[in-house]
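Please open the model in a viewer and keep the sequence panel visible. The tour below proceeds by selection, with a short account of what is found at each stop.

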Amino acid sequence: MFFTYVWRELRRRKRQALLTSLGLALGVALVVIVSAVTAGVGDAQQDVLKSLYGVGTDVTVTKSVEMQQSMRGQFRMSTDDVEKVGDQFVRDTVIATPGAGTFLEERVTEISRMDDVAASVGGLLLTNARVSGDYEWLEQSEQLEQSGGGFGQGPPPEGEAGAGQGAGMPPIEITTYSMAGVDVSDVELGPLGSVEVVDGRLFEPGEEADYVAVVSGSYAKQEELAVGDALTVGENEYEVIGTVASQAGGEGVNVYLPLVRAQKLVDSEGKVNQIYVRAGSAESIPAVEARIAELLPAATVTSAEDLAEQVSGSLGNASSLADRLGTWLAIAVLAAAFLVAGLLTMAGVSRRTTEFGTLKAIGWRSRRIVGQVMGESLLQGVIGAVLGVGLGVLGAVLVAQLSPDLQASVSTGPEIQEGGMVGRMAGELLDTTQTVSIEMTAPVGLELVLLAVGLALAGAVFAGVLGGWRAARLRPAEALRRVE
Amino acid sequence: MKRLDIEIEEARTALDQSGLADEWSLPQPVPAGSAVPRSAAGPLYRLDAVQKLFTRRGARVAALDGVDLTIQSGEFVIVMGSTGSGKSTLLMLLGALDRPSSGTLSCEGQDLSRLGESGLCAVRGRLVGFVFQSFNLIPTLTAVENVETALVPLGVGAGERRERALAALADVGLSQRAGHVPGELSGGEQQRVAIARALVKDPHVLLADEPTGNLDEKTRDDIVGVLESVWRERGKTLIVVTHDSAVAARAPRLIRLHEGRVVEDVRQNGTGVVSRAADGTVAATPPAAATAVPEAAGTPVGATAP
């Protein structure tokens, strides 16, 4: 009788039942979509962090230093130290990432001995800058410099500020690629932690000082390199032993070298500018951060969580959109759906005053009638849950399919205050911004489905309670008097 | 039966809490087909100075104003009166749908005015069968399912419920329409379903509020015939509120209300054996014949002066 009555009632009031169910479904679907997108963005952030940071790396330690005056010397060029190719000059300069201070390797060992630290390795990020331009212009600049002027001295003339190649700027081109000196004893921790080997292999213990290199797939393609080829860096040739791709599709480092070789390239033996730390557990990360900060007060200690806050680009926007607008929109629609369901149910009970009055007159107790109203409401909730989960999954799939790839950028370099030629070149060199492209996903898991069903049922219970409350308050005599 | 036992037990608890347990004995479940336990001794209803007040636009209005009445078990009573005279209110009180504002209303010796909602609900579920002017059937349920609704509060199992509902429909001549929803039935058929619903639980009293008000003349006669047969053949107490003098003429006793007071209480079966005791009790003679006696021919029992 109960189920027959419930089912027939809903069939009789199809439009109202459908409206209530659709309202709940819409609210639930939005919650599913927003939650799925949020989860997808969260996954994307994890991927980005892995890519930029290395799988298994919990904390990185760096040190920012002001660009030294002596760096100017590195940007200076003369006809003596460039290679002439036709009418053009070309000069490659390998430098440790400017603005990044170095640590002694002993610090790495000290950190690895700390409590809650599972492992720690050092790395050295390098930048190779290739400056090319008009050879004749370089000659003229050199002569001008010798007579007291020259490029790289002070700010540019008014109207020529910035790094752009505006009117009056020297006709040069700067291209850079990044390199990383990697501790070959533990390639899982550090920049190689997030790569997949496309061809060849990674470094192996024993290759600490070998002239071997691993290159990113895109760099290999650009330079037409393959495993077994020779790559010239500085004055030496390195054998390419592997090509790799970032798991997240990003391109951080172009060339990986054994740490010792990287140190020698920039005369920084025994020094690193990145320390990668793996904590014993996720819970101990803050404690590890604190201990390292105590050991190295001048260092910047960054966890993946800190890095996540620095992520900008469309991923950051998506994250912010999902967190703020999406969440509030879902809550607003859900609240509206609950309210509409409640009001419709109450209105439905009011329209059925005679019916419930009659049932009370023939001996039905209030709680049985409340149960009937609740049953009808719950069935609408179930329908709403099914529709909502369906719509939500469909919406999540569409969002994942139609949304463009997310771009994430993390900039950890110092700000460039200096203008002019030096400023421009330094800007190129110091730009440690790494951009990663991530495919947007919107995963809908069992927990999310259960949450959606729970919300729809909660809405139904809310509506049922309102309707039931009204039904219970009906006094049979008044209910019948109203129609007689 | 288990469900009924639970509900009776809950009603008992309510009575215990109100201190009325000693005064009120709740009905025991009656198996299907068993004889109705008629109250052989004493009146079915006794009303002493019953008053029912309503508040309308801030003013207190007496729908019933000092009604004294006694209705014996097995009587067929017509209640008449103009709109607003209090006849429907009287029916609500007799049907345990409401409580008097003051005075005493007892049913089978028990005071309904002191029962809580739970106790009243138990009385409605077991002792009283209602028939309404607008039939008040559940539009989505079939005829047999509508009849079954009356057995739901008694906790009757699904199988027995269906069996008894079909039997009740057969009693009112509607077996062949058992599977039809109200919208597929004529007014007369719907009222028959409503009567079957009222009778299926074997109540002690059948209360009908304008049962022929929405019916044409021929159907009205059919329905009155069905009600009469219920009274005559099954010995049920039948109390009918009506405006229809043709219906009123077929009952042995007529009570007329005016502005909440009983202004006329007559026997009209021609026997003339009607008396009114000092306590207001009308000594009703069992009907000797179904012959309708015009209202005008009725013997005044002594109107209660307004």
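In β11(A), which residue is the bridge partner of A180(A)? Select A180(A) and look across to β11(A): the partner is Y256(A). Before proceeding, note that this is a predicted model, in which local features need pLDDT of at least 70, side-chain atom pairs count only at pLDDT 80 or more, and totals for chains, interfaces and linings use all residues. Residues are numbered from 1 along each chain as its sequence is written, and chains are lettered from A and ligands numbered from 1 in the order in which they are written.

**Stop 1: strands of chain A**

Select residues 255-258 of chain A, which form strand β11, and display β6(A) beside them; the two run parallel and are joined by four bridges. Helices (H or I, at least four residues) and strands (E, at least two) are DSSP runs, numbered from the N terminus, and two strands pair if DSSP finds at least two bridges between them. Now add β5 (residues 117-134) of chain A: eleven bridges join β5 to β6 (residues 172-182), and here the direction is antiparallel. One residue pair to label is G133(A) with its bridge partner in β6(A), I172(A). Strands of a sheet pair through backbone hydrogen bonds, either parallel or antiparallel.

**Stop 2: a helix pair in chain A**

Select residues 366-402 (α12) and 446-473 (α14) of chain A. Their axes come within 7 Å and cross at roughly 150°; axes are lines fitted to C-alpha atoms, for helices over the stretch in contact, and angles run from 0 to 180 degrees between N-to-C directions. α12(A) and α14(A) are therefore roughly antiparallel to each other, a term for angles over 145 degrees. Their contact comprises 16 nonpolar residues, eleven polar and no charged. In this classification Ala, Val, Leu, Ile, Met, Phe, Trp, Tyr, Cys and Pro count as nonpolar, Asp, Glu, Lys and Arg as charged, and the others, Gly among them, as polar.

Zoom out to the whole of chain A, which has 15 helices and 16 strands. Of its 484 residues, 44% are buried, meaning that 20 or more other C-beta atoms, placed from the backbone, lie within 10 Å of the residue's own.

**Stop 3: from chain A to chain B**

Show both chains and select the contact between them, which takes 21 residues from chain A and 24 residues from chain B; two residues are in contact if their C-beta atoms, placed from the backbone, lie within 7 Å. On the side of chain B that touches chain A, α2 (87-94), α3 (117-126) and α4 (143-148) each supply at least two residues. α3(B) gives the most, with three residues. This side of chain B divides into ten nonpolar, eight polar and six charged residues.

Select α2(B) next. How many of its eight residues are buried? Eight of the eight are, among them K87(B), T89(B) and M92(B). Just after α2(B), A96(B) takes a positive phi of about 60°.

**Stop 4: the sheets of chain B**

Chain B as a whole has eight helices and twelve strands, and 53% of its 306 residues count as buried. One open sheet has the strand order β2-β1-β4-β5 (chain B), with antiparallel pairing. β2 (59-72) and β5 (110-111) stand at its edges, each with a single partner strand, so one side of each is left without a neighbour in the sheet. Between β4 (residues 102-107) and β5(B) there are two bridges; C107(B) has Q110(B) as its bridge partner in β5(B).

A second selection shows six strands in an open sheet of mixed pairing, ordered β6-β7-β8-β3-β9-β10 (chain B). The edge strands are β6 and β10 (261-267), each pairing on one side only, and the twist averages 20° from one strand to the next. Within this chain, β7 (residues 205-209) and β8 (residues 237-241) pair in the parallel sense over five bridges, and V205(B) has T237(B) as bridge partner in β8(B).

**Stop 5: L137(B)**

Finish at L137(B), in the loop between β6 (128-131) and α4 of chain B. Is L137(B) buried or exposed? It has 25 C-beta neighbours inside 10 Å and therefore counts as buried. Not counting residues up to four places away in sequence, L137(B) touches N146(B), P182(B), Q190(B), V193(B) and A194(B). Display Q191(B) as well: its C-alpha lies 8.8 Å from that of L137(B), although the two are 54 residues apart in sequence.

Terms used:
Parallel < 35°, antiparallel > 145°, perpendicular 65-115°, else oblique. Buried ≥ 20, exposed ≤ 12 C-beta atoms within 10 Å, placed from the backbone.
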